[in-house]
Amino acid sequence: MEETASQNFGSKYESQIKEFKYTLHLIRKSPLTLAGLILLIFIFLVAIFAPYLAIEHPIYIGGQQTWLSDFNQTFQPPSWKHPFGTDDMGHDIYSMVIYGTREALYVGFIVVLVAMLIGVLLGAYSGYIGGWFDEVLMRICDMFFAFPGLILAMAITAALGPGLLHVMYALMIVWWPAYTRIVRGQVLSVKQNQYIEAARAVGVSRFKIIWKHVIPNSLPPILVQATMDLGNVILTAAGLAFLGLGAAAYTADWGIMVSQGRSWMIAGKWWWSTFPGLAIFVTVLAFNLFGDGLRDILDPRLRR
Amino acid sequence: MLIPVVIGVTLITFTIAYVIPADPARAWAGQKAPPEVVEQIREKYHLNDPLYVQYYYYISGLVRGDWGYSHSEHRPVLDCLMDYFPATFELTIWAMAIAIPVGIYLGVVSAVKRNKIPDHLSRIFALSGVSMPIFWLGLLLILIFYTYLGWFPASGRGITPSHTYTGLYILDSILSLDFQSLASDIWHIILPAVTLSYATLAVMTRMTRSSMLEVLRLDYIKTARAKGLPDKIVIYRHALRNALIPTLTVAGLAFAGLLGGAVLTETIFSWPGMGRYAYHAISTLDFPAIMGVTFLMAVIFVIANLIVDIMYAYLDPRIKLGE
């Protein structure tokens with residue numbers, strides 16, 4: 001019984017499996033994309049196994065992340081005991097950078113997923129029905145595009161009050177219009193296809209057409225955008241944290257760590273800012289390398 | 001064209017300033033303000049009235065130059081912005097002056113030498129640029145060129161020129177023939193301008209590369225080559241001019257990154273511009289100042305894109321404005 005089920009699966013999704021295998025083949029052939037993918041896998045593993053990789057561990061007091069201080073170990077340069085050195089309270093910077101991976105990925109994924117969800121729903125609906133709703137929505141998006149992203153996020157976070165959660169809200173508000181516009185554009189071009197017209201002719205409901213036919217067919221460029229945006233969101237969140245709008249001081253947040261170590265950098269105690277900054281750079285680079293390659297690979301014009 | 005966009009901008013800044021905060025009067029007055037002052041603000045900005053009335057007073061305030069009171073500086077926000085604007089303007093102009101030619105040049109080289117070593121190098125350089133936390137780059141440059149090598153200063157704008165006409169130190173130094181301050185000012189702007197330019201440079205490189213690749217495939221390029229024109233002329237005179245059009249769009253959009261980056265760069269290099277003002281405003285919870293910077297930066301960005309639209313018409317004779 002189970003055998004037939006798996007056979008059915010194999011034959012039903014045969015073309016999808018073939019396409020997926022071909023995509024993997026293309027990724028293997030592009031060195032930069034492959035490098036991005038390997039880096040991403042590495043970063044995810046670090047995030048998952050953070051408790052095993054770190055030397056010191058945070059404790060949570062009333063939900064607030066706290067790292068125990070050791071005043072005999074302040075400002076130690078990198079050594080075997082403290083691979084990335086220690087800060088002015090004797091915290092092990094290596095451990096904080098490792099735990100910071102979790103936070104960075106968490107912020108990136110939540111913000112991009114929510115922005116994408118809003119964008120897909122609004123963009124698909126607006127592009128499909130058109131009319132005044134579409135017109136108004138596009139003008140609202142234009143208003144958002146008139147702001148430099150970091151500046152808008154800065155103002156919104158300042159209005160909400162500093163804090164990681166508010167940074168995430170602000171980034172979602174900044175990011176949704178871009179998705180709305182991409183999805184809408186995709187829907188407008190997918191809508192022209194004959195199979196949509198055929199579906200409408202046989203009486204499929206509007207909701208079902210959008211959900212089952214329009215959205216799946218407009219997905220590839222949105223996924224590419226999302227991959228690159230994961231990097232951009234992490235970068236912008238780090239910028240906001242650096243400005244003092246994000247996580248609290250002495251928590252495992254890369255942006256705040258660079259910010260706290262900043263004044264010591266000039267004095268030659270370079271490790272406090274350097275390693276968390278490097279972590280931001282490598283993570284964002286990995287998403288960009290992979291996203292950049294994915295764009296070429298998923299582009300139907302360049303695919304075959 | 002400009003006016004509806006600016007009205008859109010005010011709708012968003014109004015929402016952020018008046019609708020989002022739990023108590024706008026408290027936010028505008030500052031966290032440490034006594035209750036009388038908060039009440040005064042509530043009266044002055046009509047915060048007990050319906051929102052559309054508040055919006056009316058907000059707009060008329062903006063137009064009259066009442067952008068709120070900056071309690072961290074104990075003077076009106078607009079005064080502060082006027083003081084700090086030239087420093088930011090000078091920095092962004094220099095960053096642009098580095099990013100545009102270098103970015104276009106790297107993009108052209110990358111496209112011409114496609115899939116060869118110069119192409120790989122410039123692609124990695126460009127991808128690093130869009131992935132680099134700008135504040136971290138600034139810190140690294142300070143560490144290397146100030147702390148270890150001691151070649152460049154790490155903070156400030158340098159010696160104030162003996163006469164100030166525009167507030168742009170380098171231009172003022174030249175105009176007042178003050179060569180001592182000119183040298184000092186150029187010395188001071190190099191590190192921050194390089195820091196700020198990198199991301200934009202990277203974006204320009206990527207865009208120039210991809211649009212050059214498209215153009216180089218076209219028939220008229222083959223014709224030009226077949227005629228026996230030298231490579232340099234084909235590339236720079238025939239191909240680049242057409243490839244520049246999409247690059248220009250990106251330059252306009254990249255200006256947003258430049259303004260956002262200015263906040264971070266100015267903070268790192270203690271550059272006395274609007275960005276550092278915004279940073280201080282954040283740390284002192286000076287909300288009117290943050291909103292002032294936000295509004296002004298959005299207006300500058302809108303104007304920058306307007307300039308790009310005008311330059312289109314110059315670069316592409318097929319596009320005529322106003323049609």
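The paragraphs below lead through a predicted model of two chains, A and B, from their overall build to their contacts and then to single residues.

Chain A has 14 helices and two strands, while the secondary structure of chain B comes to 13 helices and two strands. Along the principal axes, the C-alpha atoms of chain A fill a box of roughly 75 × 50 × 35 Å, and those of chain B fill one of roughly 80 × 55 × 40 Å. Of the 304 residues of chain A, 45% count as buried, and the figure for the 323 residues of chain B is likewise 45%. Contacts that span long stretches of sequence can be followed in each chain: among contacts in chain A between residues at least 6 apart in sequence, 66% join residues at least 24 apart, and in chain B residues 24 or more positions apart account for 67% of the contacts with a separation of 6 or more.

Chain B is divided into domain 1, residues 2–66, and domain 2, which is made up of residues 78–274 together with 287–315. The centres of these two domains of chain B, taken over C-alpha atoms, are separated by 35 Å. Where they touch, domain 1 of chain B contributes 10 residues and domain 2 of chain B contributes 10 residues. On the domain 1 side of this contact, the elements giving two or more residues are α1 (2–19) and α2 (24–29) of chain B, and α1(B) gives the most, with seven residues. Sorted by class, that side of domain 1 of chain B has eight nonpolar and two polar residues, with no charged residues.

The contact between the chains can be read in a similar way. Here 41 residues of chain B are in contact with 39 residues of chain A. On the chain B side, at least two residues each are supplied by α1, α6 (117–131), α7 (134–148), α11 (231–268), α12 (274–283) and α13 (287–315) of chain B, and the largest share, eight residues, comes from α13(B). The class composition of this side of chain B is 34 nonpolar and seven polar residues, again with no charged residues.

The interior of the model can be approached through its largest nonpolar core, which has 179 residues; those with the most contacts inside this core are A:M154, A:A155, A:L171, A:W175, A:I234, B:A278 and B:I290. The largest share of the core, 17 residues, comes from helix α5 of chain A, residues 93–129. Because domain 1 (2–66) and domain 2 (78–274 + 287–315) of chain B both give residues to this core, the core lies between them. One of its residues, B:I290, shows how contacts reach into both chains: leaving aside residues up to four places away in sequence, B:I290 touches A:M154, A:A155 and A:A158 as well as B:A278, B:A281 and B:I282.

Helix α11 of chain B deserves a separate look. Although α11(B) has 38 residues, its end C-alpha atoms are only 44 Å apart, short of the 56 Å that a straight helix would reach at 1.5 Å a residue. Within α11(B) there is a kink of about 50°, centred on B:L240. The helix α11(B) is followed by B:S270, whose phi is positive, near 45°.

Two residues of chain A close the tour. A:P58 lies in the loop between α4 (50–53) and β1 (59–61) of chain A, and A:P58 counts as partly exposed because it has 18 C-beta neighbours inside 10 Å, whereas a buried residue needs 20 or more. Its C-alpha atom is separated by 8.5 Å from that of A:A252, which is 194 residues away along the chain. Not counting residues up to four places away in sequence, A:P58 touches A:Q65, A:T66, A:W67, A:Y99 and A:A252.

A:V224, by contrast, is found in helix α11 of chain A, residues 219–242, and counts as buried because 21 other C-beta atoms lie within 10 Å. From C-alpha to C-alpha, A:V224 and A:G293 are 9.1 Å apart in space, with their positions 69 residues apart in sequence. With residues up to four places away in sequence left out, the contacts of A:V224 are A:G291, A:L294, A:R295 and A:L298.

Definitions and conventions. Residues are numbered from 1 along each chain as its sequence is written. Chains are lettered from A and ligands numbered from 1 in the order in which they are written. This is a predicted model: local features need pLDDT of at least 70, side-chain atom pairs count only at pLDDT 80 or more; totals for chains, interfaces and linings use all residues. Domain bounds come from an automatic or database domain assignment. Two residues are in contact if their C-beta atoms, placed from the backbone, lie within 7 Å. Helices (H or I, at least four residues) and strands (E, at least two) are DSSP runs, numbered from the N terminus. Ala, Val, Leu, Ile, Met, Phe, Trp, Tyr, Cys and Pro count as nonpolar, Asp, Glu, Lys and Arg as charged, and the others, Gly among them, as polar. A nonpolar core is a set of buried Ala, Val, Leu, Ile, Met, Phe, Trp, Tyr and Cys residues joined through C-beta atoms within 7 Å. A residue is buried if 20 or more other C-beta atoms lie within 10 Å of its own, exposed if 12 or fewer, and partly exposed in between; C-beta atoms are placed from the backbone. The expected span of a helix is 1.5 Å times one less than its number of residues. The bend at a residue is the angle between axes fitted to the seven residues ending there and the seven starting there.
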